[in-house]
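Q: I have a protein model open in front of me and would like to learn how to read it. Could we go through it together, one feature at a time?

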Amino acid sequence: MNSLQLKMCDIQGRLFELSADKGYDSAGFVKIFMTSQTAKAMDSTYNRMQWAGEEYLLEEVISGVMEKLENGKEVYSKEILYWMGYIYRYWHYYTGEDSAVIYGQASVMTMKRNYGMFHTMAPEVAIEDLKEIHNQKKSG
């Protein structure tokens with residue numbers, strides 16, 4: 001993991017935190033982001049989005065889906081949201097999988113449910129454990 005990739009993980013973590021500051025429903029925001037064109041752009045080898053800060057990224061995400069984002073529903077703690085954003089981006093760099101594929105393996109509810117156990121683990125270990133949970137669900 002190079003320093004630019006780690007910076008991107010941090011920016012995505014801060015983006016998820018910013019959604020809490022704005023009062024957006026956390027589950028809805030995370031799903032919308034992970035399946036968005038903005039996340040897809042961040043997944044590419046090089047894209048201008050990789051140089052954008054979290055404020056700009058938030059504007060990009062909500063510009064086309066504002067009506068789908070709800071205020072007043074459940075807003076997760078900023079610690080949980082930062083961890084989710086960080087791990088989702090780290091996962092992309094670790095495995096090369098696209099954000100939408102990653103979200104298909106570890107939904108926001110899976111991430112929230114496992115935060116307590118996984119947030120102190122090395123990112124690679126948490127990702128491998130999340131993939132294992134997904135594989136067990138598929139085969140079970």
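A: Happily! Keep in mind that this is a predicted model. Let's start with one residue: Tyr 94 is found in helix H5.

Q: Is Tyr 94 buried, exposed or partly exposed?

A: For this we look at relative accessibility, where partly exposed lies between the 20% and 50% cut-offs. Tyr 94 has 35% relative accessibility, so it counts as partly exposed.

Q: Which residues make a nonpolar surface patch with Tyr 94?

A: Its partners are Met 1 and Leu 6, and the patch covers about 250 Å². For the protein as a whole, about 7,000 Å² is exposed, with 52% of it supplied by carbon and sulfur atoms.

Q: Let me step back to the overall fold. How many helices and strands does the protein have?

A: You can count eight helices and zero strands. Written along the sequence, the pattern is α-α-α-α-α-α-α-α.

Q: How can I tell which parts of the chain meet in space?

A: Look at contacts and ask how many places in sequence lie between the partners. Here, among contacts between residues at least 6 apart in sequence, 73% join residues at least 24 apart.

Q: And what is on the inside?

A: Of the 140 residues in the protein, 47% are buried. The largest nonpolar core has 38 residues, and those with the most contacts inside it are Phe 16, Phe 29, Val 30, Phe 33, Met 84 and Tyr 88. Each of the helices from H1 to H8 supplies at least two residues of this core, and the largest share, nine residues, comes from H5.

Q: Which residues is Tyr 88 in contact with, leaving aside neighbours within four places in sequence?

A: Its contacts include Phe 16 and Val 30, along with Tyr 103, Val 108 and Met 111.

Q: Now a single helix. Why do the buried residues of H7 line one face?

A: Here is the general idea: an α-helix has 3.6 residues a turn, so residues three or four places apart point the same way. In H7 the buried residues are Val 108, Thr 110, Met 111, Asn 114, Tyr 115 and Phe 118. Viewed down the axis of H7, they fall within an arc of 150°, so they line one face of the helix.

Q: Which exposed residues does H7 carry on the face turned away from its buried side?

A: Those are Arg 113 and Gly 116.

Q: Which helices do the buried residues of H7 pack against?

A: They pack against H2, H5, H6 and H8. Try finding each of these helices in your view!

Definitions and conventions
Residues are numbered from 1 along each chain as its sequence is written. This is a predicted model: local features need pLDDT of at least 70, side-chain atom pairs count only at pLDDT 80 or more; totals for chains, interfaces and linings use all residues. Side-chain values use heavy atoms; hydrogens and water are left out. Helices (H or I, at least four residues) and strands (E, at least two) are DSSP runs, numbered from the N terminus. Buried means under 20% relative accessible area, exposed over 50%, partly exposed in between (1.4 Å probe, protein chains only). Contact means heavy atoms within 4.5 Å. Accessible areas come from the Shrake-Rupley method with a 1.4 Å probe; for residues, only the protein chains shown count as cover. A nonpolar core is a set of buried Ala, Val, Leu, Ile, Met, Phe, Trp, Tyr and Cys residues joined through side-chain atoms within 4.5 Å. Patches are made of residues with over 30% relative accessible area and no salt bridge: like charges are joined within 9 Å, nonpolar side chains (Val, Leu, Ile, Met, Phe, Trp, Tyr) within 5 Å. A salt bridge is a side-chain nitrogen of Lys or Arg within 4 Å of a carboxyl oxygen of Asp or Glu. The arc is that of the directions from the helix axis to the C-beta atoms.
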